[in-house]
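Work through these exercises with the model in view. Try each task before you read its solution.

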Amino acid sequence: MKTQSLLIIFSALAPLISPSPASAQLSVYTAPSLTRVKQTAEPLVAPDVALSAARGEWESFQVVVHAGVDSVSQVNLSVTSLTGAGGSAIGSSNITLYRESYVRVNRPTPTWGGLDYTNKSLGKGSYADALIPFNDPVTGKPLEGAEYDAVPATVESNQNDVFWIDIQVPRDSPAGRYTGSYTVTSDAGKKKGSITLTVWDFTLPLRPSMHSSFGFYTPYNKWNVIELLKCKLMPTTFDPADQSLFIDQWGLDSVNLGFWSGAYYGHCEMDPPPTVAQVTQAVTQFDPSLLIYDYSADEISDCSNLTDDVLLWAKRLHKGGSNQLIVAIPDPALFDDGSGRSAVDIWSVLPIQYLENKEVIGDAISRGQQVWMYSALFQTEGNVPVWEIDFEPVNFRIPGLINQSTDLNGFLYWSVDYGIYSGLGRQIWKTGYSYKIDEYAFPGEGNLFYPGEQAGTTAFCPSMRLKWLRDGVEDYEYVELLKKCGLESEAKALIASVAADWDSWSHDIDSLFGVREQLAQMILENGCVAEQK
């Protein structure tokens with residue numbers, strides 16, 4: 001096993017306590033956050049976990065409960081506070097517990113015939129994805145009596161039940177070693193494991209350095225936005241009345257004004273833009289520290305007839321104080337709106353579009369324009385990351401580092417709740433199914449949340465995919481700290497071994513975690529510890 005701090009450090013010698021006669025039927029071990037545990041995987045003897053994280057960072061691990069020939073019931077999990085030197089502690093308010101729920105993917109992401117896929121669907125099967133919270137994120141009270149309860153759980157014969165533990169390192173935590181433990185109780189006895197967390201002496205920013213725009217289709221719910229912000233991802237829109245809370249507590253950094261041209265893939269027509277007065281009025285609703293943009297058109301790379309329309313929209317938006325975001329390959333005809341400023345301030349491209357248009361994208365970036373990555377469906381051969389349930393977890397985390405390697409600085413995703421909006425809530429819990437085109441299904445597409453109704457809460461339940469995306473945003477911050485410290489070339493040389501380009505990245509999580517630790521050590525050794533504002 002490679003030595004690195006993020007992987008779970010297994011100790012075959014660690015004792016399993018309470019060895020009652022029944023306890024032989026109960027096995028408990030831990031797994032890294034990027035391992036998706038199969039329902040029928042054989043148990044390991046690895047109860048202890050060692051983690052490392054910066055201040056302001058989230059870190060996660062999994063506790064796996066395996067039943068022997070007989071099922072085990074009344075399964076529950078508790079986690080102590082983590083204590084450090086001098087009475088410092090990471091308490092229960094910074095530790096969130098979930099039980100993982102499996103979805104049965106019967107219609108995997110399609111593999112288009114005749115193409116060569118390096119990165120492809122893992123096929124039919126059960127996938128851990130939904131996260132059922134122990135406590136209601138709205139009320140803070142334990143959730144019980146719903147269709148999907150976290151605890152107490154029953155683990156069927158020769159199967160696993162898995163718990164996800166999120167630890168948020170407080171921004172004021174002293175650096176050093178923190179220790180605690182978790183305990184699994186059941187009708188077959190109880191077992192315990194130790195938790196060690198090393199807090200590195202640097203702090204990640206509250207407001208992410210990498211921008212993002214993730215869309216909601218369902219009616220506005222403050223708690224759903226908070227859950228997204230916890231994952232370092234920005235909502236496309238929200239109620240301006242809540243922006244101070246979102247900025248101060250959760251690092252909100254951007255907002256979409258919501259003016260829409262009506263232009264999208266296959267529909268190359270734009271409605272007239274809003275007036276300058278309308279744009280100005282919309283802009284004044286929001287804190288001036290936010291990145292204010294208008295997502296005006298979607299997937300219009302093939303709409304060469306829209307140049308004049310995009311320019312007109314740009315002039316109105318710019319005069320009113322807003323940036324313009326368009327999902328399209330950068331077009332040199334739009335690099336000047338007549339004032340020397342690009343008509344499009346933020347472009348968003350698919351990974352395959354980046355690979356096929358590096359020169360013009362590089363030109364746009366050199367002129368000060370932003371370019372973001374977006375994901376949709378499964379559109380190409382090769383090794384580009386795919387955000388469907390039936391792909392390896394690393395697909396969701398690695399884009400953070402690839403963005404750094406390719407000088408992209410954002411993520412865009414069309415919807416986090418489309419399947420819920422479409423009334424497919426119960427089906428999503430069972431199969432992950434949320435979107436299809438003709439006869440083709442795309443498990444989890446446009447749906448990074450699960451409806452809370454089935455879990456007894458008015459807030460959505462997060463997916464594991466959201467947590468992996470969050471971790472990728474945090475990886476991006478490590479490189480950003482080094483860039484601000486004058487070590488950009490050194491940092492990029494290091495991450496090239498695992499995330500060189502959109503078709504050149506490693507699926508090996510040991511290597512990814514090893515690079516993350518090396519980045520952290522480079523930050524510490526060079527004194528790059530000041531928090532980014």
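## Exercise 1: A helix and its surroundings

The buried residues of α8 are P399, G400, L401, I402, N403, Q404, S405 and T406. This is a predicted model.

**Task.** Decide how far helix α8 (residues 399–406) is enclosed by the rest of the structure.

**Solution.**
- Step 1. Buried means under 20% relative accessible area.
- Step 2. Eight of the eight residues of α8 are buried, so the helix is largely enclosed by the rest of the structure.
- Step 3. Now look just past the helix. D407 follows α8 and has a positive phi of about 65°.

## Exercise 2: A tryptophan in a loop

**Task.** Find where W502 lies, and decide whether W502 is buried or exposed.

**Solution.**
- Step 1. Locate the loop between β24 (500–501) and β25 (504–505); W502 sits there.
- Step 2. Check accessibility. W502 has a relative value of 0%, so it counts as buried.
- Step 3. List contacts, skipping neighbours within four places in sequence. W502 then touches P351, Y354, L355, M373, N383, V384, P385, P399, I402, N403, T406 and L408.
- Step 4. Link this to Exercise 1. P399, I402, N403 and T406 are among the contacts of W502, and these four are among the buried residues of α8.
- Step 5. Compare chain and space. W502 and L350 are 152 residues apart along the chain, and their C-alpha atoms are separated by 9.6 Å.

## Exercise 3: Two helices

**Task.** Work out how helix α11 (residues 464–484) runs relative to helix α12 (residues 488–499).

**Solution.**
- Step 1. Take the axes. They come within 7 Å and cross at roughly 150°.
- Step 2. Apply the cut-off: angles over 145 degrees count as roughly antiparallel. That makes α11 roughly antiparallel to α12.
- Step 3. Name the contact residues. V479, L482 and K483 of α11 meet E488, A491 and I495 of α12.
- Step 4. Sort them by class. The contact has four nonpolar, two charged and no polar residues.

## Exercise 4: Two pockets

**Task.** Describe the largest pocket and the second largest pocket by volume and lining.

**Solution.**
- Step 1. Start with volumes. The largest pocket has about 690 Å³; the second largest has about 580 Å³.
- Step 2. Line the largest pocket. It has 26 lining residues, and Y217, Y295, D298, Y413 and W414 lie nearest its centre. β15 (291–298) and β19 (410–413) are the elements that give two or more residues to this lining.
- Step 3. Sort that lining by class: 15 nonpolar, eight polar and three charged.
- Step 4. Line the second largest pocket. It has 25 lining residues, with S92, S93, I95, T96 and N135 nearest its centre.
- Step 5. Find its elements. β7 (95–105), α1 (222–230) and β23 (461–462) each supply at least two residues. The largest share, four residues, comes from β7.
- Step 6. Sort this lining too: 13 nonpolar, nine polar and three charged.

## Exercise 5: Two residues, two settings

**Task.** Classify D70 and T183 as buried, partly exposed or exposed.

**Solution.**
- Step 1. Place D70 in the loop between β3 (58–67) and β4 (72–79). Its relative accessible area is 46%, so D70 is partly exposed.
- Step 2. Check its contacts. Beyond four places in sequence, D70 touches Q25 and S157. D70 and S157 are 87 residues apart in sequence, yet 4.9 Å apart in space, C-alpha to C-alpha.
- Step 3. Place T183 in strand β11 (residues 176–186). Its relative accessible area is 17%, so T183 is buried.
- Step 4. Leave out neighbours within four places in sequence. T183 is in contact with N76, L77, S78, K190, K191 and K192.

Key:
Residues are numbered from 1 along each chain as its sequence is written. This is a predicted model: local features need pLDDT of at least 70, side-chain atom pairs count only at pLDDT 80 or more; totals for chains, interfaces and linings use all residues. Side-chain values use heavy atoms; hydrogens and water are left out. Axes are lines fitted to C-alpha atoms, for helices over the stretch in contact, and angles run from 0 to 180 degrees between N-to-C directions. Angles under 35 degrees count as roughly parallel, over 145 as roughly antiparallel, 65 to 115 as roughly perpendicular and the rest as oblique. Contact means heavy atoms within 4.5 Å. Ala, Val, Leu, Ile, Met, Phe, Trp, Tyr, Cys and Pro count as nonpolar, Asp, Glu, Lys and Arg as charged, and the others, Gly among them, as polar. On a 1 Å grid over the protein atoms alone, a cavity is a set of points where a 1.4 Å probe fits but cannot get out, and a pocket is an open set with protein on both sides within 12 Å along at least five of seven lines; lining residues have an atom within 4 Å of a point. Grid points are joined across faces, edges and corners, and a volume is the space filled by probe spheres set on the points. Buried means under 20% relative accessible area, exposed over 50%, partly exposed in between (1.4 Å probe, protein chains only).
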